[in-house]
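User: Hi! Could you walk me through this structure, starting with the ligand site?
Analyst: Happy to, here it is.

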Amino acid sequence: MIEDFSAVEVIAAKRDRNELSDAQIDWVISAYTRGVVADEQMSALAMAILLNGMNSREISRWTNAMINSGERMNWSAITRPTADKHSTGGVGDKITLPLAPLVAACGGAVPQLSGRGLAHTGGTLDKLESIPGWRADLSNEEMLKVLQDCGAVICAAGAGLAPADKKLYALRDVTATVEAIPLIASSIMSKKIAEGTSSLVLDVKTGSGAFMHDPAQAAILARTMVELGRNAGVKTRALVTAMDVPLGLTVGNALEVRESVEVLAGGGPSDVVELTLLLAREMIELAGISGKDPEVALKDGSAMDAWRKMISAQGGNPDAALPVAREKNQYFATEAGRMVSMDALKVGVAAWRLGAGRSRQGEKVQAGAGIELHAKPGDDIKAGQLLMTLHTDEPERFPRALEALVGSVSIVAGGEVNRLPLVVERIQ
Ligand code: URA
C-alpha cells in the first residue's frame, strides 16, 4: 500500500509549530494503529504535541480519528437513560466504585469502561480485581447483560474500542508525554464517545496528585473535553475537583475497595461521601433520571444491593474477605501542631512503590499494598502520633516508600489549613 504521508514529515510539521491538516491527522492515527508509524515516531510526535500544542480543530479531528480506529458500542437495547462519569485520575480516587451502583439504584444505567493505573494514580480495574473472582474482561454481550440486569457495569474497554488510544496511552506512560491537554482530552473523550453513553460527567482533578497541577490548566482541559463531548452529541459537564490531598483515608487497591463498601453501607470518610453524592446528582440531572434521591439510596441499602448484584454478575464474591498485605510499617509525626497540608503526589508515589501500581507495562499489582491515613489536614497532631500505616507483601519496598513520604505532611503550631476546596470549578 502506498502511504499518503511520511511520519517524518508529520513530526517535522508539529515540531515547527505548524497546524496538522485533517488528512495528516487521519493518516497518522490510522498508520500508527496499523503499525506503519513506529512507536519511536509516535513518541516524537507526542512530545512535539506536548511542547507545541494543538488548536481545537486539530484536537477534534485527532479524537475522531481515534474513535474511527475501532468500534462504537450501542446501548439502544437499554431502556434506562445512560449516564457515565470519568475521572482524569488521582490518589485514593475510588469514587467510581460507590458511584456506579449508586446511580443504578437511582434509576440510571451506568456503562463504566474503566482503566488501570497510570503512573502514580490508581486504576478502577486494579482496585476491583482485588475482589476474589471478579472479572474485568467481558464480551460486549456480557457487558450488555450485566448493564441490563444490574443497572451498572464496570469493566475493561474491549480490544475493539479506540485501539489507537490503547497503543498511544501505553506509549505516553513511558515517554513522559502524559501531561498534554490535547492528548489527555482526546484519549479520554475518544473512549467515552465510542463507549456510547448519552451523558457524561467529567471529574477533572487538579493539585499535586493530578496530571494537571494548576487549576487554570485543569479548567482548560475540562472545557476542551466538554466541547468535544457536545460536538459528538453527548451531554457533557465537568467538575474541576481537588487532588492536592488524597481522597478518603485509603490509597491502594483492596484498601480502597474496603472504604468504598463502607460508603455503600452508609458510612465512610466525609470527602468520599460528599464527592460521590455531588457527582451522582450531576449525573442524574444531566441524564434526566427520575428515581430515588442518592442520599436515600446510600442510607436505605439499595446502592449496596446494586453493588452486590453487579460484583456477583462479574464473577466476584461480595462477601469474600479482601486480600491483606503480609507486612506493615508505620509513619509517625515528628512535631506537634495542626496538619495544614498533605501532598497527594508523595502519598501516591509511596503507595505505588509499595506495589499498588506498576513500574513496567503488564506488571501485576499487589492487591493488599497501599497506605492507610490516620489523620488529614485540619487535624491537631501530637508529636509521635501515628499518621500512616504502610502495607506491602515485600518489606524490601518500605525504605523507598518511606523516602517518598518525607515532607508529605506539614504540621504547624496554630497553622491554617492550606488546601483546595473540594469543587474548584463547575463547567457546563
Ligand atoms: N486517562 C485517560 O484515559 N487518558 C489520559 O491521557 C489520562 C487519563
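**Ligand site and sheets**

Analyst: The shell around the ligand is made up of four nonpolar, two polar and two charged residues. Here Ala, Val, Leu, Ile, Met, Phe, Trp, Tyr, Cys and Pro count as nonpolar, Asp, Glu, Lys and Arg as charged, and the others, Gly among them, as polar. This is a predicted model, where local features need pLDDT of at least 70 and side-chain atom pairs 80 or more, while totals for chains, interfaces and linings use all residues. Residues are numbered from 1 along each chain as its sequence is written, and side-chain values use heavy atoms, without hydrogens and water.

User: Which residues come nearest to the ligand?
Analyst: Of the eight around the ligand, those are Tyr 169, Arg 172, Ser 187, Ile 188 and Lys 191. A residue is near if one of its heavy atoms lies within 4 Å.

User: Which helix gives the most to that shell?
Analyst: That's α9, with four residues. Both α8 (163–173) and α9 (181–195) supply at least two. Helices are DSSP runs (H or I, at least four residues) and strands are E runs of at least two, numbered from the N terminus.

User: What about polar contacts?
Analyst: Those are pairs of N or O atoms within 3.5 Å. An oxygen atom of the ligand is 2.5 Å from a side-chain N or O atom of Lys 191, and one is 2.8 Å from such an atom of Arg 172. For Ser 187, the partner is a ligand nitrogen atom, at 2.7 Å.

User: How much of the ligand does the protein cover?
Analyst: 95% of the 240 Å² of accessible area that the ligand has on its own, by the Shrake-Rupley method with a 1.4 Å probe.

User: Switching topic: in what order do the four strands of the open sheet run?
Analyst: The order is β1-β4-β5-β13, with mixed pairing. Two strands pair if DSSP finds at least two bridges between them.

User: And why do β1 and β13 each have one side without a neighbour?
Analyst: β1 (84–87) and β13 (423–427) stand at the edges with a single partner strand each, so one side of each is left free of a neighbour in the sheet.

User: How do β5 and β13 run?
Analyst: Antiparallel, joined by four bridges, with β5 spanning residues 235–242. Ala 238 stands opposite Ile 427 in β13.

User: Any other sheet?
Analyst: Three strands form an open antiparallel sheet in the order β10-β8-β12. Its edge strands are β10 (380–381) and β12 (409–412). Two bridges link β8 (337–342) to β10, and Arg 338 stands opposite Asp 380 in β10.

Terms used:
Polar contact = N/O pair within 3.5 Å; in protein donor to acceptor, adjacent residues only side chain to side chain.
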